[in-house]
Amino acid sequence: MKKHRKDTHKAHICRRSFLKAGALVLGTCLFPKVILGAVNIQRSPERMLSFYNIHTGEYLKSTYWVKGGYIPEALTEINHILRDFRTGEIMPIDTGLLDLLSTIREDLGSSEQFHIISGYRSAATNALLREHSGGVAGHSLHMRGL
């Protein structure tokens, strides 16, 4: 005869929650000013980013912000390299995300490129990826340029 145990509380951690928590802990250790919101993003007169899209082979090095303002042409170039390479759709990438990447780059003292695995993702591409692989959110931030 089997004994049944009634659990009033089950601890369950899904893979996504575990990864989010791990990323937060790691980020807090590596970039406490960024994670805790104490970064002075305006410490540099220019913001520059460099990207390599691993799917298209494209490179981009662009100064996208100078003297308190975003440069529309540079943002257009960044949006293009971060486009959905499967469909060709382009979505404006959130400038807060670009500023965060710039801050991380500056804090690390790095001039290395960010390697793009997935930038913007159209709804069609997101649905395709959800069908063929695990861990793809139904309402992924990729779909909003975040």
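**Exercise 1. Find which residues of helix H5 (residues 123-132) are buried, and say how they sit around the axis.**

Solution. Start with the terms. Helices (H or I, at least four residues) and strands (E, at least two) are DSSP runs, numbered from the N terminus. Buried means under 20% relative accessible area, exposed over 50%, and partly exposed in between, with a 1.4 Å probe and protein chains only. Thr-125, Asn-126 and Leu-129 are the buried residues of H5. They span an arc of only 100 degrees around the axis, so they lie on the same side of H5. The arc is taken from the directions that run from the helix axis to the C-beta atoms. The face turned away from this buried side carries exposed Ala-124 and Glu-131.

The model is predicted: local features need pLDDT of at least 70, side-chain atom pairs count only at pLDDT 80 or more, and totals for chains, interfaces and linings use all residues. Residues are numbered from 1 along each chain as its sequence is written, and side-chain values use heavy atoms, with hydrogens and water left out.

**Exercise 2. Work out the order of the elements from the N terminus on.**

Solution. Count first: the protein has five helices and four strands. Then read along the chain: α-α-β-β-β-α-α-β-α. Of the 146 residues, 29% count as buried.

**Exercise 3. Describe the largest nonpolar core and the elements that supply it.**

Solution. A nonpolar core is a set of buried Ala, Val, Leu, Ile, Met, Phe, Trp, Tyr and Cys residues joined through side-chain atoms within 4.5 Å. The largest one has 15 residues. Those with the most contacts inside it are Leu-49, Phe-51, Tyr-64, Ile-78, Leu-82 and Leu-98. At least two residues each come from strand S1 (46-53), strand S2 (59-66), helix H3 (72-81) and helix H4 (95-108). H3 gives the most, with four.

Now take Phe-51. Contact means heavy atoms within 4.5 Å. Beyond its neighbours within four places in sequence, Phe-51 touches residues including Tyr-59, Ile-78, Leu-98 and Phe-114.

**Exercise 4. Show how H3 is oriented, using its buried and exposed residues.**

Solution. List the buried ones: Ala-74, Leu-75, Ile-78, Asn-79 and Ile-81. They cover an arc of only 165 degrees around the axis, which puts them on the same side of H3. Pro-72, Glu-73 and Thr-76 are exposed on the other side. The buried residues pack against S1, S2, strand S3 (69-70) and H4.

**Exercise 5. Contrast the settings of Ser-62 and Lys-67.**

Solution. Ser-62 is in strand S2. It counts as buried because its relative accessibility is 3%. Leaving aside neighbours within four places in sequence, its contacts are Arg-47, Met-48, Leu-49, Ala-74 and Glu-77. Lys-67 is in the loop between S2 and S3. Lys-67 is exposed, with a relative accessible area of 77%. Its phi is near 50 degrees, a positive value in a residue other than glycine.

**Exercise 6. Identify the element that gives the most residues to the lining of the largest pocket, and class that lining.**

Solution. H4 gives the most, with four residues. By class, the lining has 14 nonpolar, five polar and one charged residues. Here Ala, Val, Leu, Ile, Met, Phe, Trp, Tyr, Cys and Pro count as nonpolar, Asp, Glu, Lys and Arg as charged, and the others, Gly among them, as polar. A pocket, on a 1 Å grid over the protein atoms alone, is an open set of points where a 1.4 Å probe fits, with protein on both sides within 12 Å along at least five of seven lines; lining residues have an atom within 4 Å of a point.
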